[in-house]
Amino acid sequence: MNPEAEPSVSTGSPAVDTSQWLASRTFHHSNFWDIKWLVEEKQRQGLTVSLCLPTLNEEATIGQEIVILKAELADRYPLLDEIAVVDSGSTDRTCEIAASFGADVYIASDHLVECGNYRGKGENLWKALYLLRGDIIVYVDSDIKNIHPRFVYGLVGPLIQNPDIQYVKAFYDRPMAYSGGLRPTGGGRVTEILIRPLFSLFYPELTAILQPLSGEYAGRRAILEQIPFPVGYGVETAMLIDIYQRLGLHALAQTDLNRRIHRNQETIALGRMAFGVLRTFVSRLRQDQKIVLQDALPSIMRQFEVADGRYRQIEHVIEEIERQPILEVPAYREKFHK
Amino acid sequence: MNASLLEEGVLESLPETLLPLRERLLANLVMLSQIPAPSGEEAERVRFLLDRFTEAHMSDAAADEAGNAVGRLPGTTGERTILLVSHLDTIVSALEPHEVRVEADRVIAPAVGDNALGAAIVSLVPAVLDHLGIRLQSDLFLVGSTRSLERGNHAGIRFFLDHLPQPVHAGICVEGIQLGRLNFFSIGTARADITCSVRDTSEASRSYGSENALVVLNHIINRILAISTPSRPYTLIRMGKLRAGVAYDVEPDQAELGLEIISHSDEMIERICGQIDDIVAEMSARHTVDAAFDVFFSTKAGGIPFSHPLVKCVLDVMARLGIEPDQGHSPSELSELIARDIPAVTLGMTRGKRGSKHEPDYVLIGPLLTGVAQLVGTILAIDSGVCDES
């Protein structure tokens with residue numbers, strides 16, 4: 001079958017052509033292999049880059065992430081000006097290991113105490129904006145088993161290369177073609193079952209982001225400080241929608257980082273994740289006046305388990321609290337002279 | 001500068017001086033450990049080493065015809081040639097997950113001590129010398145060798161030594177574990193597979209009733225166990241691998257035994273190999289199976305004497321760094337150097353443990369830089385000429 005002869009599938013909504021964006025804003029990490037050039041260009045532009053590793057009990061993988069990223073991208077090529085772990089209160093040796101290999105370690109709850117404390121990855125990312133000093137912030141999940149410098153330079157590269165790009169998202173595996181012709185691209189289960197259908201319905205241009213929930217991304221402080229951060233599951237979705245709404249698709253880019261090996265989550269856990277993401281999504285739809293809801297959304301996710309032949313309901317409270325744009329926090333404005 | 005590093009107090013503080021390179025060493029170690037490299041499939045590790053050599057301005061770094069990663073740091077005089085070699089292959093299947101875990105005090109990964117660490121250190125040597133401001137008089141060859149293990153039979157290092165146009169004056173084989181390991185003689189080794197295949201039923205001789213391949217192999221094993229081995233010269237037959245069968249209710253058509261014979265006497269190895277060959281031939285005929293004895297790996301016994309200046313130098317360096325020497329024989333690349341009359345030693349770089357079914361391999365981070373300091377001290381000693389035989 002000739003793919004070119006395939007008619008485009010009608011969506012019933014105005015045509016969205018993302019081909020130009022895909023061509024100009026989709027990269028492969030190998031486009032940025034010349035780290036020496038990136039460092040020179042970074043210095044020429046007077047930029048600083050900070051790496052934030054959000055953690056919660058990641059002793060199995062945090063050590064190798066810091067060792068490799070520090071050795072390759074701070075000691076050998078000074079692309080990173082700062083490497084920091086922002087921790088949610090690990091009870092294992094995560095913080096000890098991170099500190100032993102030279103990362104700055106922050107316990108999220110010890111900082112911005114006047115703003116209160118919530119537990120969640122988004123909370124750490126938000127506080128990282130206050131704690132870290134870089135003009136560019138790179139966020140890399142700390143459960144990656146096959147860490148490689150590409151996870152950082154592949155994301156920072158587009159920002160250094162092109163001043164119009166504000167935010168770069170990771171995806172994994174070559175998406176567009178392979179030796180056998182065309183093939184569908186795939187995100188994770190939550191992406192394909194929840195996010196892509198929702199984007200198709202309400203933000204069709206964002207469907208071009210191949211893995212909107214990937215945990216690795218980099219952005220300029222100038223935009224990250226302006227957007228709210230959900231503290232929980234919805235932080236990645238919210239970031240994408242909020243930056244897109246403010247700056248448009250051309251401020252976004254994505255980079256293929258080839259392959260990522262990490263813990264696989266059980267479907268039941270993904271269900272809770274989907275609930276949190278959905279709440280965030282709906283809040284964005286309401287803000288954008290794309291839908292009207294009569295009542296507030298409930299925050300209880302119900303799942304079931306069976307024991308001794310009896311079914312039991314388990315209620316999970318998933319609130320998806322949002323942090324205000326950090327630019328609105330006085331301590332932040334004071335620290336960064338805003 | 002070079003000589004001053006060997007002065008009293010300076011060598012002893014070398015591990016501390018090398019501290020700024022610790023993360024780079026660990027990064028090399030982690031990245032190499034993540035790359036599967038069974039014998040014959042080392043290309044990605046070779047590329048890693050060559051990238052490191054090229055970044056260190058070793059402009060002629062390249063893979064040779066045997067696939068070895070070879071880099072050369074030209075010396076100021078080139079009067080001597082020193083070889084640093086680390087094998088790149090491992091016994092771990094590429095299908096196994098090559099996951100690495102870095103803890104505060106150790107690195108855990110498949111084959112991390114044998115020999116990702118050796119390769120990581122060889123890849124870092126240019127940076128170490130640069131960091132210490134060392135410019136050697138001797139040419140220094142850095143080699144990541146291929147096909148050392150199993151059926152590889154040291155093919156990579158053999159090729160390199162047989163084709164290097166300049167003579168090598170001294171060699172150091174770099175192994176990950178154990179710190180203190182000092183090998184300067186090689187025990188003779190023969191490694192072999194015995195395969196046993198039941199003949200196809202269509203063949204006439206099957207009518208005599210070929211036996212279960214596993215049972216026949218068991219007969220062979222019993223006969224091998226009956227071979228007497230002398231304690232002097234030290235000789236041992238070690239059976240290490242056995243493979244046969246697919247299910248409880250299916251008699252296997254194929255069985256395979258892997259064994260090695262080690263001895264301080266090459267003649268003894270030859271004699272035992274002859275005996276096993278006879279046993280296999282006899283059992284093959286008696287039980288109507290196709291059995292074969294295939295010696296695919298052999299090294300000669302030999303070495304340099306304990307009184308050799310190279311050994312004395314290494315012991316001195318170890319003593320000054322507080323390393324307890326553990327002297328013994330080695331079947332490693334060392335045997336290839338010794339077979340070519342090149343004075344050589346095998347050195348271990350840190351403490352650690354080979355993995356087992358229940359526990360993965362690990363190497364300790366703490367002693368690592370002491371291991372590297374030991375290597376630097378040995379290179380400098382060789383370079384200064386004090387290891388030359390009078």
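Let me start with chain B, where strand β9, residues 188-198, and β12(B) pair in the antiparallel sense over 10 bridges; strands here are DSSP runs of E of at least two residues, helices are runs of H or I of at least four, both numbered from the N terminus, and two strands count as paired if DSSP finds at least two bridges between them. This is a predicted model, in which local features need pLDDT of at least 70 and side-chain atom pairs count only at pLDDT 80 or more, while totals for chains, interfaces and linings use all residues. Residues are numbered from 1 along each chain as its sequence is written, and chains are lettered from A in the order in which they are written.

Within the β9 and β12 pairing, B:T189 stands opposite B:T299. The wider setting is an open antiparallel sheet of four strands in chain B, ordered β10-β11-β9-β12. Because β10 (235-244) and β12 (289-299) of chain B are at the edges with a single partner strand each, one side of each has no neighbour in the sheet. Across β9, β10, β11 (254-263) and β12 of chain B lies helix α8, residues 266-286, running at about 165° to β12(B), with axes fitted to C-alpha atoms, for helices over the stretch in contact, and angles from 0 to 180 degrees between N-to-C directions.

Turning to the contact between the chains, 18 residues come from chain A and 13 residues from chain B, where contact requires C-beta atoms, placed from the backbone, to lie within 7 Å. On the side of chain A that touches chain B, α3 (62-76) and α4 (94-100) each supply at least two residues, and α3(A) gives the most, with nine residues.

Methods:
Two residues are in contact if their C-beta atoms, placed from the backbone, lie within 7 Å.
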